[in-house]
Amino acid sequence: QVQLVESGGELVQAGGSLRVSCAASGRIFNIHRMGWFRQAPGKEREWVAAISWSDGSTYYADSVKGRFTASRDNAKNTGYLQMNSLKPEDTAVYYCAVKRSRFGTYDTWGQGTQVTVSS
């Protein structure tokens, strides 16, 4: 089993930056990819970004491409989502999740961290 603990969410002004973290513990060797998702009030959860745990390849939703950067520190077993040029519409609970294989599903989730962007 893998456990995920998120941190770093807070209130930030539009145009500002924020980095959220996702610390993984347990069976780290099982992680194939870490994904980032968000859910705004009254909306469905949406995929935001993902990073390959082995080679660091990254993938982004069009809505955040060029503004958000996913990274990971294998030595610390931690993933990061750097968010720049934040907009009020980025306000949401942000979740990290992992999957164990390329064609698997995200089956382990963090508890979520609130990011609020004020206008």
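What percentage of the 119 residues of the protein chain count as buried? The value is 45%. Buried here means under 20% relative accessible area, exposed means over 50%, and partly exposed lies in between, with a 1.4 Å probe and protein chains only. This is a predicted model, in which local features need pLDDT of at least 70, side-chain atom pairs count only at pLDDT 80 or more, and totals for chains, interfaces and linings use all residues. Residues are numbered from 1 along each chain as its sequence is written, and side-chain values use heavy atoms, with hydrogens and water left out.

Start with the fold. The protein chain has 11 strands and 0 helices. Read from the N terminus, its elements run β-β-β-β-β-β-β-β-β-β-β. Both kinds of element are DSSP runs numbered from the N terminus: helices are H or I with at least four residues, strands are E with at least two.

Next, the overall dimensions. The C-alpha trace spans about 40 × 25 × 25 Å along its principal axes. The radius of gyration of the protein chain is 13 Å, which agrees with the value near 14 Å for a compact globule of 119 residues. That radius is taken over C-alpha atoms, and the globule rule is 2.2 Å times the number of residues to the power 0.38. Contacts, meaning heavy atoms within 4.5 Å, reach across the sequence. Among those between residues at least 6 apart, 52% join residues at least 24 apart.

Now the surface. The protein chain exposes about 6,100 Å², and carbon and sulfur atoms supply 47% of that area. Accessible areas come from the Shrake-Rupley method with a 1.4 Å probe; for residues, only the protein chains shown count as cover. There are 14 positive and 10 negative side chains, with the centres of the two sets 5 Å apart. Lys and Arg count as positive, Asp and Glu as negative, while His and the chain ends are not counted. Each charge is placed at NZ of Lys, CZ of Arg, CG of Asp or CD of Glu.

Which cysteines does the disulfide join? Cys-22 is joined to Cys-96, with an S to S distance of 2.0 Å. A disulfide is a pair of cysteine sulfur atoms within 2.5 Å, and a search of the whole structure finds 1. Cys-22 lies in strand β3 (residues 18-26) and Cys-96 in strand β9 (residues 92-99), so the bond ties together parts 74 residues apart in sequence. The torsion about the S-S bond is about 65°, so the disulfide is right-handed. Cys-22 is buried at 0% relative accessible area. Cys-96 is buried too, at 0%.

Arg-38 brings us back to Cys-96. Their C-alpha atoms are 8.7 Å apart, across 58 residues of sequence. Arg-38 sits in strand β4 (residues 33-39). Is Arg-38 buried or exposed? Arg-38 is buried, with a relative accessible area of 6%. Not counting residues up to four places away in sequence, Arg-38 touches a set that includes Glu-44, Glu-46, Ser-63, Glu-89 and Asp-90.

Two of those contacts form a pair of their own. Ser-63 and Glu-89 are 26 residues apart in sequence, and their C-alpha atoms are 10.0 Å apart. Ser-63 is in the loop between β6 (58-60) and β7. Ser-63 is partly exposed at 37%.

Strand β5 (residues 46-52) holds Ile-51. Ile-51 is buried, with a relative accessible area of 1%. Its C-alpha lies 5.6 Å from that of Arg-33, 18 residues away along the chain. Beyond four places in sequence, the residues touched by Ile-51 include His-32, Met-34, Thr-58 and Ala-70.

Thr-69 belongs to strand β7. Thr-69 is partly exposed, at 40%. Outside its neighbours within four places in sequence, Thr-69 contacts Tyr-60, Tyr-80, Leu-81 and Gln-82. The C-alpha atoms of Thr-69 and Ala-40 are separated by 20 Å, with their positions 29 residues apart along the chain.

Finally, look at the backbone in two loops. Most residues other than glycine have a negative phi. Asn-77 has a positive phi of about 55°. Asn-77 is in the loop between β7 (68-73) and β8 (78-83), and is partly exposed at 24%. Ser-85 also has a positive phi, of about 50°. Ser-85 is in the loop between β8 and β9, and is partly exposed at 41%.
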